[in-house]
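Open the model in your viewer and switch to a cartoon view. The stops below say what to select next and what is there.

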Amino acid sequence: MKLITTSSVDEFADVAADYVTRAVRENPRLALTLPTGSTPRGLYLRLRDAHRGGRFSLEDARVFMLDEYRDLPSYPSQSFEYFLREHLGEVIFNPSTTRHLLDPWREPADYDATLDAEGGLDLAIVGVGRNGHVGFNEPGADVSSRTHVVTLAPDTLEANFPELDARLRPTRAITIGLADLRRARSILMLVAGENKHAVAKMLCAGLIDENVPATHLIEHDDLTIVMADDLL
Ligand code: GLP
């Protein structure tokens, strides 16, 4: 595991963008996941700027959605797809990039078949929830799980929908499983944000805990963690 600590929001975004740019340069056809959340926003801004400047392209890449809420009919603006359109726009929503969108009502096994047909993930870019979830693999998630529907943890709902009345929050989501993330050839884990000190501490200590799903990725041969140093 390679741990890179950063001391500002800009440095965090620069380091992550350098990593992704290099990975795409080495393998323009790579299959990758991209996370939602506030953590990767700076990275996406950098990638979008570089794309506009002709210095970065995902046109030959294959993008997989990491997760999606399952019951968000009246709040599409919270959906993963909406998030990617808003933050990455033409970087991935262009005629050339292959996008494997995760329809929350699709049979999960179909998505696994697509992952298999594409040869699995080359790069899993993941964020980490404050309860340690990756994608929507919540505490207690099975390390051998593939794409599956989950019931969201109360803490995740509190973190992701702080202002929404509890009755209006989604309760379920679909996510790529830990097995496929662990099988990815490389993993870039981005760790920043409030209330993540406990998770950050466990990652740095290399402690695997089934109640903190992100720690199941610690033993990966090619894991790079970019972490905001205010969490240490
Ligand atoms: C959501 C996503 C995760 C993401 C997490 C962290 O729950 N499903 O993929 O890592 O949010 O969000 P933030 O970066 O806002 O802390």
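Start with the open sheet, in a model that is predicted. Seven strands make up this sheet, and their order across it is 1-10-9-6-2-3-5, with parallel pairing. Select residues 2-6 for strand 1 and residues 98-100 for strand 5: these are the edge strands, and each of them pairs on one side only. Between neighbouring strands of the sheet the turn is 20° on average, with direction ignored.

Stay on the sheet and select residues 31-34 together with residues 62-65. These are strand 2 and strand 3, which pair in the parallel sense over 4 bridges. To see one position of that pairing, pick L34, which stands opposite M65 in strand 3.

Add residues 197-205 to the view. This is helix 7, and it packs on the sheet, where it touches strand 1, strand 9 (186-191) and strand 10 (223-228). The direction of helix 7 makes about 140° with that of strand 10.

Next, turn to the antiparallel pairings. Select residues 67-69, strand 4, and residues 172-175, strand 8; they pair in the antiparallel sense over 3 bridges. Which residue of strand 8 is the bridge partner of E68? The partner is I174. Now select residues 148-151, which are strand 7; this strand also pairs with strand 8, in the antiparallel sense and over 4 bridges. Here V149 stands opposite I174. I174 of strand 8 is thus a useful residue to keep selected, with E68 as its bridge partner and V149 opposite.

Move on to two helices: residues 9-26 are helix 1 and residues 41-52 are helix 2. Their axes come within 8 Å and cross at roughly 55°, so helix 1 is oblique to helix 2. The crossing in which helix 1 passes helix 2 is right-handed.

Show the side chains where these helices meet. From helix 1, select D10, A13, D14, A16, A17, V20 and T21; from helix 2, select G42, L43, R46 and L47. By class, this contact has 6 nonpolar, 2 polar and 3 charged residues.

For the last stop, centre on D14, which lies in helix 1 and is among the residues that meet helix 2. Is D14 buried, exposed or partly exposed? D14 counts as partly exposed because its relative accessibility is 36%. Finally, draw a distance from D14 to I4: the C-alpha atoms are 12 Å apart in space, while the two residues are 10 apart in sequence.

Definitions and conventions:
Residues numbered from 1 in each chain as written. Predicted model: local features only at pLDDT ≥ 70, side-chain atom pairs only at ≥ 80, totals over all residues. Heavy atoms only, no water. Axes fitted to C-alpha atoms, helices over the stretch in contact; angles between N-to-C directions. Parallel < 35°, antiparallel > 145°, perpendicular 65-115°, else oblique. Left-handed = near helix turned anticlockwise from the far one by under 90°. Contact = heavy atoms within 4.5 Å. Nonpolar A, V, L, I, M, F, W, Y, C, P; charged D, E, K, R; others polar. Pairing = 2+ DSSP bridges. Buried < 20%, exposed > 50% of the residue type's maximum accessible area, 1.4 Å probe, protein only.
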